[in-house]
Amino acid sequence: MSGELAGQTAVVTGSSSGIGEGTALRFAEEGANVVTNSRSQERAETTAELIREAGGSAIAIEADTSNRADVQTLVDGAVEEFGSLDIMVNNAGTSVIKPAVEMTEEEWRRVIDVNLTGVFFGCQAAAQQMIQQNDGGQIINIGSAYGFSGAQGRGPYCASKGGVHNLTRCLAVEFAEHDIHVNALAPGFIKTQIDEQTRGDEESEDFDTWPYYGYTDQHIHNRTPLDRFGTIEEMNNCMVFLAKGDHYMTGETMRADGGFTAFGWGSKGT
Ligand SMILES: NC(=O)c1ccc[n+]([C@@H]2O[C@H](COP(=O)([O-])OP(=O)(O)OC[C@H]3O[C@@H](n4cnc5c(N)ncnc54)[C@H](OP(=O)(O)O)[C@@H]3O)[C@@H](O)[C@H]2O)c1
């Protein structure tokens with residue numbers, strides 16, 4: 001297929017739904033060979049099948065990105081099937097929303113393992129392959145508006161995403177001599193499964209007391225200068241821009257959050 005990414009091979013972790021699925025479908029539309037991924041072969045295969053039905057090129061690989069050996073199978077699979085790895089998108093992510101004083105060790109570790117350690121594994125495995133290829137490459141990590149700010153009940157999530165942003169800077173410096181760019185995208189609020197899971201229970205008594213742990217659409221509107229959620233299509237556009245690599249950008253975290261992190265006031269009211 002022709003397009004902005006024609007002939008490139010991309011791995012997109014966590015591409016069975018949401019932002020990762022959107023990225024995988026769009027990269028394929030732009031001509032890339034895509035390796036889709038999920039913790040379930042069946043769910044990863046669903047996205048790969050959508051790509052192939054639309055005339056694109058994709059294979060699916062089940063892998064838990066918090067496991068280093070699993071992440072290696074994604075890179076190896078891309079090279080075996082398509083001959084190279086040019087773009088690595090470390091998108092898989094998870095969250096636990098709970099008061100910090102009630103957070104279990106297992107919950108803390110699970111979020112950090114997937115959101116931060118998994119991103120490191122993805123960067124490392126991709127860079128090893130790209131260095132061997134000696135032709136540069138693009139690594140894109142998914143951070144978050146919450147990597148720039150704190151939010152109640154989201155200790156491990158905010159910490160992991162802040163970590164992703166600074167890891168991105170660190171590895172950009174380290175991999176630059178190989179012309180491997182490392183950038184991040186920090187989305188604001190996009191309606192996906194993660195968003196559904198992290199919403200509060202609007203029926204609960206303490207939902208609108210401070211500190212509340214959930215949010216409604218109205219909370220997001222009040223806190224977002226562009227006055228709406230972002231869309232998967234808008235995230236896809238940012239991802240293609242970053243993946244193309246013709247931007248002299250590395251170590252950058254691109255915010256696509258409707259002004260959420262630019263806004264210093266509490267709320268713009270209703
Ligand atoms: N939606 C937002 O408002 C928003 C805002 C800022 C940042 N983000 C970030 O964007 C990324 C994508 O989230 P999303 O909103 O698109 O949520 P989503 O629809 O829940 O997608 C999460 C994806 O990650 C996969 N995943 C989770 N744990 C995994 C693991 N250990 N190994 C492999 N895959 C795993 C899931 O696949 P399976 O469940 O099939 O394994 C799924 O494909 C995340 O990093 C998230 O933190 C989202």
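Which residues have the most contacts inside the largest nonpolar core? Keep that question in mind as you open this predicted model, and start the tour with the sheet.

**Stop 1: the sheet**

Select the strands. Seven of them form an open sheet, with parallel pairing, in the order β3-β2-β1-β4-β5-β6-β7. Now pick out β3 (57-62) and β7 (253-256): they stand at the edges with a single partner strand each, so one side of each is left without a neighbour in the sheet. Turn the view slowly and follow the twist, which averages 20° from one strand to the next.

**Stop 2: strand β1 and its partners**

Next, select residues 9-12, which are strand β1. Three bridges join β1 to β4 (residues 87-90), and the two strands run parallel. Look for Val12, which stands opposite Val89 in β4. Then turn to β2: β1 and β2 pair in the parallel sense over four bridges. Here Val11 is the residue to find, as it stands opposite Val35 in β2.

Show the side chains of β1 as well. Thr9 and Val11 point one way from the strand, while Ala10 and Val12 point the other way, and all are buried.

**Stop 3: helices on the sheet**

Select residues 41-53 to bring up helix α2, which packs on the sheet and touches β2 (33-38) and β3. The direction of α2 makes about 180° with that of β3. Then move to helix α5, residues 155-175, which also packs on the sheet. Helix α5 touches β5 (137-142), β6 (180-187) and β7, and its direction makes about 165° with that of β6.

**Stop 4: the nonpolar core**

Time to answer the opening question. The largest nonpolar core has 62 residues, and those with the most contacts inside it are Ala10, Val11, Phe27, Val34 and Ala126. Colour helix α4 (residues 105-133) too, since this helix gives the most to the core, with ten residues.

Centre the view on Phe27. Leaving aside neighbours within four places in sequence, Phe27 is in contact with Leu5, Ala10, Val12, Ala32, Val34 and Ala243.

**Stop 5: around the ligand**

Show the ligand and the residues about it. 30 residues surround the ligand, and the closest are Gly14, Gly18, Arg39, Gly93 and Thr192. How do the residues of this shell divide into nonpolar, polar and charged? Eight are nonpolar, 18 are polar and four are charged. To see where some of them come from, highlight α1 (18-29), β2 and α6 (193-198), each of which supplies at least two residues of the shell.

**Stop 6: Glu107**

Go back to helix α4 and select Glu107, which lies in it. Is Glu107 buried or partly exposed? With 16 C-beta neighbours inside 10 Å, Glu107 counts as partly exposed. Beyond four places in sequence, Glu107 is in contact with Val96 and Lys98. Try a distance label to Ile97: Glu107 and Ile97 are ten residues apart in sequence and 9.5 Å apart in space, C-alpha to C-alpha.

**Stop 7: Pro225**

Finish in the loop between α7 (217-223) and α8 (232-244), where Pro225 has its place. Pro225 counts as partly exposed because it has 13 C-beta neighbours inside 10 Å. Leaving aside neighbours within four places in sequence, its contacts are Gly258, Gly259, Ala262 and Phe263. For a last label, connect Pro225 to Val114: these two are 111 residues apart in sequence and 30 Å apart in space, C-alpha to C-alpha.

Note on methods: Residues numbered from 1 in each chain as written. Predicted model: local features only at pLDDT ≥ 70, side-chain atom pairs only at ≥ 80, totals over all residues. Pairing = 2+ DSSP bridges. Axes fitted to C-alpha atoms, helices over the stretch in contact; angles between N-to-C directions. Contact = placed C-beta atoms within 7 Å. Near = placed C-beta within 6 Å. Nonpolar A, V, L, I, M, F, W, Y, C, P; charged D, E, K, R; others polar. Core = buried A, V, L, I, M, F, W, Y, C linked by C-beta atoms within 7 Å. Buried ≥ 20, exposed ≤ 12 C-beta atoms within 10 Å, placed from the backbone.
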